[in-house]
Amino acid sequence: MFVEIGALIQKSIGKSVLEALKDLEGVELITIESGRSSDLFEERQFGAFGEAAILTIIASSNNKETIFDELYNACGLHEHKQGLVFMTAEFVKSSHWRHSWE
């Protein structure tokens with residue numbers, strides 16, 4: 001079984017968070033995309049919007065708590081309180097995934 005763990009964080013820390021988590025045991029897939037948010041960040045590069053990184057991790061259910069905690073800490077949310085981290089319910093893997101950094 002697997003879960004999706006994701007984060008909406010400031011774009012400036014997105015790549016460093018990806019690098020910190022990509023080799024954790026139980027991480028099956030990790031991707032990062034960019035977007036804009038109007039409500040989570042104080043820094044607004046585009047008028048009412050700030051740049052955001054959207055991080056998605058497919059993780060083994062056996063390691064979900066550790067990976068979730070590592071993501072929260074790597075994002076620095078315990079200090080800055082700007083961002084969002086979430087985890088879905090468990091699901092069954094339906095096809096073979098390759099690591100996005102390969």
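Contact means heavy atoms within 4.5 Å. The structure is a predicted model, in which local features need pLDDT of at least 70 and side-chain atom pairs count only at pLDDT 80 or more, while totals for chains, interfaces and linings use all residues. Residues are numbered from 1 along each chain as its sequence is written, and side-chain values use heavy atoms, with hydrogens and water left out.

**Exercise 1. Determine which pattern the protein chain follows along the sequence.**

Solution. Helices (H or I, at least four residues) and strands (E, at least two) are taken as DSSP runs, numbered from the N terminus. Under this assignment the protein chain has three helices and four strands. Read along the sequence, their pattern is β-α-β-β-α-α-β. Among contacts between residues at least 6 apart in sequence, 71% join residues at least 24 apart.

**Exercise 2. Classify Ser60 as buried or exposed, and list the residues it touches.**

Solution. Ser60 is found in strand β3, residues 50-60. The classes are buried (under 20% relative accessible area), exposed (over 50%) and partly exposed in between, with a 1.4 Å probe and protein chains only. Ser60 counts as buried because its relative accessibility is 13%. Leaving aside residues up to four places away in sequence, Ser60 touches Met1, Phe2, Gly26 and Glu28. For the protein chain of 102 residues, buried residues make up 33%.

**Exercise 3. Establish where the buried residues of helix α2 fall, seen down its axis.**

Solution. Helix α2 covers residues 64-75, twelve residues, and reaches 16 Å from its first C-alpha to its last, close to the 16 Å expected at 1.5 Å a residue; the expected span is 1.5 Å times one less than the number of residues. In α2, Ile67, Leu71 and Cys75 are buried. Seen down the axis, the buried residues of α2 fall within an arc of 60°, so they line one face of the helix. The arc is that of the directions from the helix axis to the C-beta atoms. An α-helix has 3.6 residues a turn, so residues three or four places apart point the same way. The buried residues of α2 pack against elements including β1 (2-10), α1 (11-21) and β2 (27-37). After α2 comes Gly76, with a positive phi near 70°.

**Exercise 4. Characterise the aromatic pair found in the whole structure.**

Solution. Rings of Phe, Tyr and Trp (its six-membered ring) pair if their centres lie within 6.5 Å; planes under 30 degrees apart count as stacked, over 60 as edge-to-face and the rest as tilted. A search of the whole structure finds one aromatic pair. The ring centres of Phe2 and Phe91 are 6.5 Å apart and their planes are at 35°, so the pair is tilted. Phe2 lies in strand β1 and Phe91 in the segment after β4, 89 residues apart. Phe2 counts as buried at 12% relative accessibility, whereas Phe91 counts as partly exposed at 27%.
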